[in-house]
Amino acid sequence: MGKVRVGAFSVSVDGFGAGPEQSLDDPLGKNGREVHGWFFPTRFFQTMIGKGDGETGIDNDFGERAMTGFGAFILGRNMYGPIRGEWNGTDWKGWWGDNPPYHAPTYILTHHPHPPIEMEGGTTFIFVTDGIESALEQARAAAGDLDVKIGGGVSTVRQYLQAGLIDELHYAVSPVVLGQGEAMFEGIDLRALGYAPTEQVMGERALHIVLAKGK
């Protein structure tokens with residue numbers, strides 16, 4: 001069985017993983033793009049969106065690592081789209097268009113049932129209404145020997161953290177201050193949960209910190 005990992009989760013220096021007021025125009029919340037500014041210039045991201053060469057280096061290496069070795073993904077509903085409440089027959093299929101970057105079964109946490117959606121490139125969105133443990137059980141079964149990625153957003157990572165279900169976390173700390181938004185660490189005692197830093201690397205635009213649970 002593989003690990004349960006969080007990879008390349010961007011946070012501001014004041015601990016926010018997204019800005020407030022997420023919307024169709026601001027999928028990362030107000031000013032949220034600033035937190036991910038380290039990732040956008042990388043060759044990995046530029047290739048992912050079908051553009052030309054990007055930057056290589058430490059940030060690019062961590063970006064690649066954060067999407068490699070996974071057999072399934074788990075996302076909160078906000079990471080899937082801006083729709084709230086009942087689906088009401090919407091034809092929304094995620095932020096990424098017809099060929100999302102997951103290329104594996106991707107489990108969406110929601111309170112409202114929705115039939116699975118098969119996308120191009122091997123991604124299937126599967127909607128889970130019975131909690132984080134059920135989503136993880138399904139994701140592990142689908143992933144086999146590969147890892148499961150908890151892709152976000154903030155609320156989803158916090159839930160899995162507090163439940164002690166994450167083996168390894170990689171945070172990319174961007175040198176920006178948001179002031180408000182979705183707080184990543186508020187009320188969470190990482191030490192008490194058994195997490196400690198195992199890696200710290202300064203990239204071109206972010207500080208990369210990896211934490212893992214003690215054995």
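Student: Why does Glu 168 count as buried?
Tutor: Its relative accessibility is 15%. Buried means under 20% relative accessible area, exposed means over 50%, and partly exposed is in between, with a 1.4 Å probe and protein chains only. A value of 15% is under 20%, so Glu 168 counts as buried.

Student: Before we go on, what kind of model is this?
Tutor: A predicted one, where local features need pLDDT of at least 70 and side-chain atom pairs count only at pLDDT 80 or more, while totals for chains, interfaces and linings use all residues. Residues are numbered from 1 along each chain as its sequence is written, and side-chain values use heavy atoms, with hydrogens and water left out.

Student: What makes Glu 168 and Lys 3 a salt bridge?
Tutor: Their side chains meet at 3.8 Å, N to O. The rule asks for a side-chain nitrogen of Lys or Arg within 4 Å of a carboxyl oxygen of Asp or Glu, so 3.8 Å passes. Glu 168 sits in strand β8 and Lys 3 in the segment before β1, so the pair ties together parts 165 residues apart in sequence. By this rule the structure has 5 salt bridges.

Student: And how do you know that Lys 3 is partly exposed?
Tutor: Lys 3 has a relative accessible area of 42%. That falls between the two limits, so the label is partly exposed.

Student: What about Arg 5 and Asp 147: what makes them a salt bridge?
Tutor: The N to O value for this pair is 2.7 Å, within the limit, so Arg 5 and Asp 147 form a salt bridge. Arg 5 in strand β1 and Asp 147 in strand β7 are 142 residues apart, so to speak distant parts of the chain being linked. Both residues are buried.

Student: Which parts does the salt bridge of Glu 55 and Arg 205 tie together?
Tutor: Their side chains meet at 2.5 Å, N to O. Glu 55 lies in the loop between α1 and α2, and Arg 205 in the loop between β10 and β11, so the pair joins parts 150 residues apart in sequence. Glu 55, at 36%, counts as partly exposed, and Arg 205 is partly exposed at 33%.

Student: You keep naming strands and helices. How are they sorted into a sheet?
Tutor: Strands (E, at least two residues) and helices (H or I, at least four) are DSSP runs, numbered from the N terminus. Two strands pair if DSSP finds at least two bridges between them. Here, 9 strands make an open sheet with mixed pairing, in the order β5-β6-β4-β3-β7-β1-β8-β11-β10. The edge strands are β5 and β10, because each pairs on one side only.

Student: How do you know that β1 and β8 pair?
Tutor: They share 6 bridges in the parallel sense, and the rule needs at least two, so they pair. Ser 12, for instance, has Ser 174 in β8 as its bridge partner.

Student: And what makes β10 and β11 a pair?
Tutor: They have 7 bridges in the antiparallel sense, so the rule is met here as well. The partner of Ala 196 is Ala 212 in β11. The two strands form a hairpin with 4 residues between them.

Student: Why is the empty space inside called a cavity?
Tutor: On a 1 Å grid over the protein atoms alone, a cavity is a set of points where a 1.4 Å probe fits but cannot get out, whereas a pocket is an open set with protein on both sides within 12 Å along at least five of seven lines; lining residues have an atom within 4 Å of a point. Grid points are joined across faces, edges and corners, and a volume is the space filled by probe spheres set on the points. There are 4 cavities of 30 Å³ or more, and the largest holds about 50 Å³. Its lining includes Arg 5, Phe 62 and Glu 168. The elements giving two or more residues are β1, α2 and β8.

Student: What is the volume of the largest pocket?
Tutor: About 1,300 Å³. It is lined by 50 residues, and the closest to its centre are Leu 28, Met 79, Gly 151, Gly 152 and Gly 153. β1 supplies the largest share of that lining, 5 residues.
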